Each structure stands twice: as structure tokens, then as C-alpha cells.
Amino acid sequence: MRRFIISIGLCAGLVGGAGLVMAGEAPGIDAPLKTNLSAPGDVAMVVGNEKYGKIAGVPYAYADAAAMESFLLYTRGVPMDRVRMVKDASAAKMLATVEELAKLGSAGGVFWIYYAGHGMADPVTLDRVLLGWDAEGGTAEMVKNGVSVRKLQAAAAKSGMKVVMLVDACYNGSVRSAGGEKLTGERVAVPESLLTQSGLEWAASAPNELAAPLPSVGHGAFTWLALGALRGWADGEKSGSRDGVVTLEEAQMYVKKRMQVMQLTTQTPVVSSASRDAAGAPVVTAEQWASPLSGKAGARLEIGPSDEALRGLWTGSSNAVQSSNAGTGQAAAVLTNTGSVTPWTAEDDAILASQEAKVRRAAREKAAAAQETEAAQKVRARQSAVASEWAQLEAVMGAPEQAGAEEKAAVAAKVAKWKADSVDVSGQKVALT
């Protein structure tokens, strides 16, 4: 179990099935927190991409993935045969694993997807892409060896389960380091409207931010706080009263506030949803915010560190992180904030706004085209039906010996009206031809 010693006494409390959190220690997230809860309908894919073949590695991605797996198995209670842990996965492996698990899921269960590694935005589609271990080259080349978040979410959604995705990666081309050095490639902003397309997603940072490591605990900062929140640190964050359940809203509130307490200003965790408001913008519904991610009423979860204890964990640019480059001829480098970072600028804001406007405009045009197509199909169907009926009526008019006077008069009136007015379909005058 990873622990770090601090000089300030912490809150002590009972931990369900895992002993006590003692004063003077901050709880870690590595040792199993056994709650005896069960989630037999859930499935999960956990990916830790730490060693990349030809680009900088991602410090602590293995540890992050292992901690997530532990949470799922022992705290959430997902069956072991429904959890897939994948280290240094390729894009194909990630997609194949999701497709495999989609066949095992149960209605009412949760499909968990966790990823720690490199992310990048596709410069053509603007999709967010999770990079496989074999990514290399510039942006366009690297995204070819990655899988889009959208594709993974869509594959998981085919199971009919609720999809919950946690991503400890950034998409602005930065390395996971204190300084946020850039990978080779083009900086591409991801519009808000292109975020989550299926289910819920909890991401380490906004599209224009980096996802930082927390060397003092040996994890990504987001993963450490997020899993801590789900282990019980966020229980009662909203109401002030612990009830044994951690909701999405409590977890997000906890992580966001503690990053501020730690003065970790380089990232802001983001929750996004496939739900949309009347204007088509992404929105997280009240029901989604209230959805429980961990525990159950009365469960004894873990008590987290005090705010005082957290203040010393992040030292900003003084952090140095050992890069975990694989054997590619690159020397393992110590990544520090040495001025090589390309900061987010007003120009980047303009790019983001332009891309957002472009995506929204394309969405409106697509919706309008679909409506027009539907209306045209209805018109053609009505025209065909009317033409057929008209031919039958005119046949009756052409055979007076087979029709009575009243029938012929009714037919004549109907035909005359059609010829005079045409047919009204959805407010349009449709000529009969």
C-alpha cells in the first residue's frame, strides 16, 4: 500500500473491511478497500498505457490502472471474470476488449471504461483519441494508432448498459509531467459539443488543459483524488452528512475542490454527458448527478485526508517526473518545467471558438437536411397514394354504366376539388402529376 507520512494529524475513522486510517497518515488508493458490496451486472475495461514505443511514457499509468481495478473488484464488487486489465494496449486491443465485454453485460449494469495514458485530438475530425502504445510521428500519424473516445463509447453502448468512462489523459498534446511538455504534433482544440456521445464521462481536465502527475503519491493527480472520492472521501461532500453512498456530483465536487486546495491550477476535472439541452449543448441531468457510483446506504467507506494534509502534496513546477520511455534509443528524461511548454493562448481560444462554431453549424445543417428529407419522403408517399386513388376514381368516371348518379357526382366533386386545390401535405401545396 502506498502511504506518505505527514506532520499534520488527519481525521481518523473506520474503513469498511480495511482497518483504520490513523492520524499522521494519509490514506492511499492502492490497498483493496473491501466493502462486501456486489455489482454482478457490471463489466469493466481498465487500461494503463505507461510505456510507449516511440514517444514519451506516462508516469504512474500502471499504478493508476491497478488502483482502478482494485476499486472495481473490491469496493464496487464487479465480478473478477467481468473485469479486463490491459497494460500498454493498442487501439485494436482496446476496441476488441470493449466489444467482448459488451456481450457479457447485464441490463441495469454499468459498463466501466478507465484509461490512463496519452490522448490527442484528431486534427481532421476533432475527435478525442486515446493513443495506443505504438503511436509515433506527428499528430496525424499518432491518431492513426489510437481509438476515438466516441468509438469506444458507441461500442460499449451497444450492450444496453449505462456507460461510465474515467479518463486520466489530456488531449492538447502534452506529456504527463509537472511542466506539461508537448508531444510532437499539432495542437488541436476539442469543442465542447464533441465531448461525450454515449453515457457519462469523467475526465481529468478540460480540452485545453494538461493532466498532471502527483509524484508524492505515485499516481496521476486526477486518478488519486477520483478513486479516493469513490472509496469514500467524497461521502457527504454535498450535504455534510455521510450516508455510505458516493454520487457523481459528490465525487466531482470533492475532486474539483481538493485540486483547488492543493493549488493544482493546471487542470479542472470535467463531467460530460450524452444528454443535450434544447439548444443541443451537452448537459448533465439532475438524475445523472445523483447517480451513485460507490457504496450503498449505510456502507462504511473510507475517510479521506484533511485539507491541511493535501496542501503539501502539489509543488507545481518544482515537481520532477521520471519519464518511462521504452527501449527506443531515447534516454529516459527528467521532465521539468523548464520553459519548453507552449502555453494556452488567446489564439488557441479563437481556434476553439471557431471549431465549436463549425461543429454546431454542421450539426444544424445535418438536422435540417434530415428534416427536409423526411418531409420530402412524406410528400412523395402522399403523391403516390393520391395518384393511385385518382386513377381509380377517373376509371369510375369513365365507366358511367357501372356507377350510380350519386356516386358519379361524389367522384366528380372530389376530383374537381383536387384539381382546383391540389393536395395539402404538411402545409405545402403539392401538384398532382
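Biologist: What makes helix H1 and helix H5 a pair, and at what angle do their axes cross?

Modeller: In this predicted model, the axes of H1 (residues 61-76) and H5 (residues 221-233) come within 10 Å and cross at roughly 10°.

Biologist: Why is H1 called roughly parallel to H5?

Modeller: Angles under 35 degrees count as roughly parallel. The crossing is roughly 10°, so H1 earns the label roughly parallel to H5.

Biologist: Which residues meet there, in H1 and in H5?

Modeller: On the H1 side you have Asp64, Ala67, Met68, Phe71 and Thr75, and they meet Thr223, Leu227 and Leu230 of H5. Sorted by kind, the residues of this contact are five nonpolar, two polar and one charged.

Biologist: How do you know that strand E11 is largely enclosed?

Modeller: Count its buried residues. A residue is buried under 20% relative accessible area, and six of the seven residues of E11 (residues 162-168) are buried, so the rest of the structure largely encloses this strand.

Biologist: What makes E7 and E11 joined strands, and in which sense do they run?

Modeller: Pairing takes at least two bridges. E7 (residues 110-116) and E11 have seven bridges and run parallel, so they count as paired. One spot to look at is valine 110, which stands opposite lysine 162 in E11.

Biologist: How many bridges do E11 and strand E12 pair over?

Modeller: Four, in the parallel sense, with E12 covering residues 200-203. Set against a requirement of at least two, four bridges are enough, so E11 and E12 are a pair as well. Leucine 166 has tryptophan 202 in E12 as its bridge partner.

Biologist: Which strands make up the open sheet, and in what order?

Modeller: The order is E8-E9-E10, three strands with antiparallel pairing.

Biologist: What makes strand E8 and strand E10 stand at the edges?

Modeller: E8 (119-121) and E10 (146-148) each have a single partner strand, so each has one side without a neighbour in the sheet. On average, neighbouring strands here are turned by 35° against each other, ignoring direction.

Biologist: How do you know that strand E9 and E10 are joined?

Modeller: By the bridges again: three of them join E9 (residues 128-131) to E10, and the two run antiparallel. The cut-off is at least two, so three bridges make a pair. Leucine 131 stands opposite glycine 146 in E10. Helix H4 (residues 149-157) packs on this sheet, touching E9 and E10, and its direction makes about 65° with that of E10.

Biologist: Why is the pair of aspartate 127 and arginine 150 called a salt bridge?

Modeller: The rule wants a side-chain nitrogen of Lys or Arg within 4 Å of a carboxyl oxygen of Asp or Glu. For aspartate 127 and arginine 150 the closest N and O atoms are 2.7 Å apart, so the pair passes. Aspartate 127 sits in the loop between E8 and E9 and arginine 150 in helix H4, so parts 23 residues apart in sequence are tied together.

Biologist: What are aspartate 127 and arginine 150 called, buried or exposed or something in between?

Modeller: Aspartate 127 has a relative accessible area of 11%, so it is buried, the cut-off being under 20%. Arginine 150 has 41%, so it counts as partly exposed, a label for values between 20% and 50%.

Biologist: What makes lysine 238 and glutamate 249 a salt bridge?

Modeller: Their side chains meet at 3.0 Å, N to O, and the limit is 4 Å, so they qualify. Lysine 238 is in the loop between H5 and strand E15 (245-247) and glutamate 249 is in H6, so this pair ties together parts 11 residues apart in sequence. Lysine 238, at 53%, counts as exposed, and glutamate 249, at 23%, as partly exposed.

Biologist: How do you know that aspartate 307 and arginine 258 meet in a salt bridge?

Modeller: It's 3.2 Å from N to O, so the pair is inside the 4 Å limit. Aspartate 307 in helix H8 (residues 307-310) and arginine 258 in H6 are 49 residues apart, so the pair links distant parts of the chain. Aspartate 307 is partly exposed at 22%, while arginine 258 is buried at 9%.

Biologist: Which residues are linked with Arg258 in a network of salt bridges?

Modeller: Glu237 and Asp307 are linked with Arg258 in that network. By the salt-bridge rule the count comes to 11.

Biologist: Why is threonine 265 called exposed?

Modeller: Exposed means over 50%, and threonine 265 has a relative accessible area of 70%, so the label fits. Threonine 265 lies in the loop between H6 (248-261) and strand E16 (270-273).

Conventions:
Residues are numbered from 1 along each chain as its sequence is written. This is a predicted model: local features need pLDDT of at least 70, side-chain atom pairs count only at pLDDT 80 or more; totals for chains, interfaces and linings use all residues. Side-chain values use heavy atoms; hydrogens and water are left out. Axes are lines fitted to C-alpha atoms, for helices over the stretch in contact, and angles run from 0 to 180 degrees between N-to-C directions. Angles under 35 degrees count as roughly parallel, over 145 as roughly antiparallel, 65 to 115 as roughly perpendicular and the rest as oblique. Contact means heavy atoms within 4.5 Å. Ala, Val, Leu, Ile, Met, Phe, Trp, Tyr, Cys and Pro count as nonpolar, Asp, Glu, Lys and Arg as charged, and the others, Gly among them, as polar. Buried means under 20% relative accessible area, exposed over 50%, partly exposed in between (1.4 Å probe, protein chains only).
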